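Trainee: I would like to go through the terms used for this model and see what each one rests on.

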Amino acid sequence: MTAIEQYARRLLKDFHPIIAANRAPVDVVSRDGQAPLFSRGAGGLVTGLSSLAQATGAVWVAAARGEAETQLRLDDEGEPMILETSDGGRFQVSWVSAPRLVYDMYYNTISNPLLWFVQHFLWNLAQAPILDETTHRAWTDGYRRVNQLFAQHVVREARRGHQRPLVLSHDYQLYLIPRLVRRELPDAVLQHFVHIPWPTPQYWKVLPQYMRDEIMDGLLAADVIGLQTSSDVRNFLLTCEENMRLPVDFRQQTTFYRGRTVWVRSYPISIDVNAFQRAAATPAVERVEREVLRWRPEHLILRVDRMDLSKNIVRGFYAFDRLLQAHPELRGRVSMWALLQKTRQDVREYREYAREVQQAVRGINERHATGEWLPIRMEQRDDITRAMAGYRQFDVLLVNPIYDGMNLVAKEGMVVNRRGGVLVLSENAGTHEELGEWALTINPFDVDATAEALHQALLMDPVERLSRAERMRTVVEQNDIARWISAQLQDIRDLVEPSAARQPEPVR
Ligand code: G6P
């Protein structure tokens, strides 16, 4: 058992911990007539929560998103299933299965196109969104309904245990859970963590009042609300004050609602640095690296992203185009390797965005490519081995989201890179609060400034590159996933359970 596991288990010995998150720790791939395959699920949430689940031994309540998962759900007879991944992960999962149309309204009408867009400021408000009957129905029959199903599972799981339930619910898909669970389990300890940015109170007003009030009423039934950065905490407290007219203490970071104090805290999510570094040093990664060494020119710029509108991929390519135009001497000497993963393809905006990304790459390659040199090498697949090889090989890592809750690519890249690589980082990524001082900061909308930062990064003196890279690696090593977990558990102990004194000291 690792130090954080020992710490978490001792601290939680009187609790029955349950995680609720839309995505499971594993993706299930069914194979005709054979046992299903399990692989790690996508996105930053799964990366962070997997460690939390392992450390606490919590049951993970997740949506059965596809056929294979629904089949597993039918097989599980109401007990959580033990799932083991090929990389040694072991999880207890309880599947929530919603009718297809209900899930579709919850995921493809409310969660992703609406809440995700609001929280990443993605709307061009002169044109969108247009909220209508479909939206209202999707809220009632989709979002509310799936949250209720999740809450039922959580409550059932809580009642299977004999200790006090500790429910750790996650993200924008499940905002209503704390209230629904509190109604059934008034003494449970509830924490809800929001992985994505929390916008200003004004911007929340894109949503009809009943929706935004229901979100706040749902969340404020928790004891602790966790967010990624201090600016998210401020925006959350401002939203309590302005949109809900609640008393707020900005110094204590608390608000008071329905007779209870609610604590609002930032816990910047991170990665399991040791595990990640080990996984990046395997023969499979080295094989890809050797392949990369055959085609990479003198300089390699890397980006690794889900093909999400918030990731600002197209402007990143435009910036690279500007770089090649402004500095013709770099043609043939620098390539951008874009490892992109298609995501949320049932949502029209995402399909259109994937097409825009492809068009941008085609246009730039047609303009600049020569017989031996491909300016942008884009790969569209989910392949962590290739990402790790990229992380080891980059000279510049471009992380330029419009807005991003945290962005773990920046952290992953900086802890495994072996070339003193430079991070070009959007000021609107949550990671900027930790790494901004040593990265080259960009305004993600300004493609000329981004091109200039790329140029500066490529030309940076090796001593400076190394010292910046070193500082960033140290920061991530210190603030790794163990700290994310222990900070939350410590707060649960100190804020919610002040009487539970003399518990074990936190890790680090
Ligand atoms: C981000 C969100 C998660 C989400 C993940 C992948 O990390 O914060 O809640 O699970 O992206 O998105 P998906 O829609 O594929 O689950």
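Core and ligand shell

Mentor: In this predicted model, the largest nonpolar core has 104 residues, and Phe-150, Tyr-175, Trp-198, Phe-236, Ile-301 and Phe-317 touch the most other members. Helix α4 (residues 100-119) contributes the most, 11 residues. Local features need pLDDT of at least 70, side-chain atom pairs count only at pLDDT 80 or more, and totals for chains, interfaces and linings use all residues. Residues are numbered from 1 along each chain as its sequence is written, and side-chain values use heavy atoms, with hydrogens and water left out.

Trainee: What makes a set of residues a nonpolar core?

Mentor: The members are buried Ala, Val, Leu, Ile, Met, Phe, Trp, Tyr and Cys residues joined through side-chain atoms within 4.5 Å. Buried means under 20% relative accessible area (1.4 Å probe, protein chains only).

Trainee: Which residues does Ile-301 touch?

Mentor: Not counting residues up to four places away in sequence, its contacts (heavy atoms within 4.5 Å) include Phe-320, Trp-337 and Leu-458. Apart from this core lies another, of 82 residues, among them Val-46 and Leu-423.

Trainee: What puts a residue around the ligand?

Mentor: One of its heavy atoms must lie within 4 Å of the ligand. Among the residues that qualify are Trp-116, Asp-171 and His-195.

Trainee: Why is the pair between Tyr-107 and the ligand called a polar contact?

Mentor: The term needs a pair of N or O atoms within 3.5 Å. A polar side-chain atom of Tyr-107 lies 2.4 Å from a ligand oxygen atom, so the pair meets the cut-off. For Arg-344 the distance from a side-chain N or O atom to a ligand oxygen atom is 2.8 Å.

Definitions and conventions
Buried < 20%, exposed > 50% of the residue type's maximum accessible area, 1.4 Å probe, protein only. Helix = DSSP H or I, 4+ residues; strand = E, 2+ residues; numbered from the N terminus. Polar contact = N/O pair within 3.5 Å; in protein donor to acceptor, adjacent residues only side chain to side chain.
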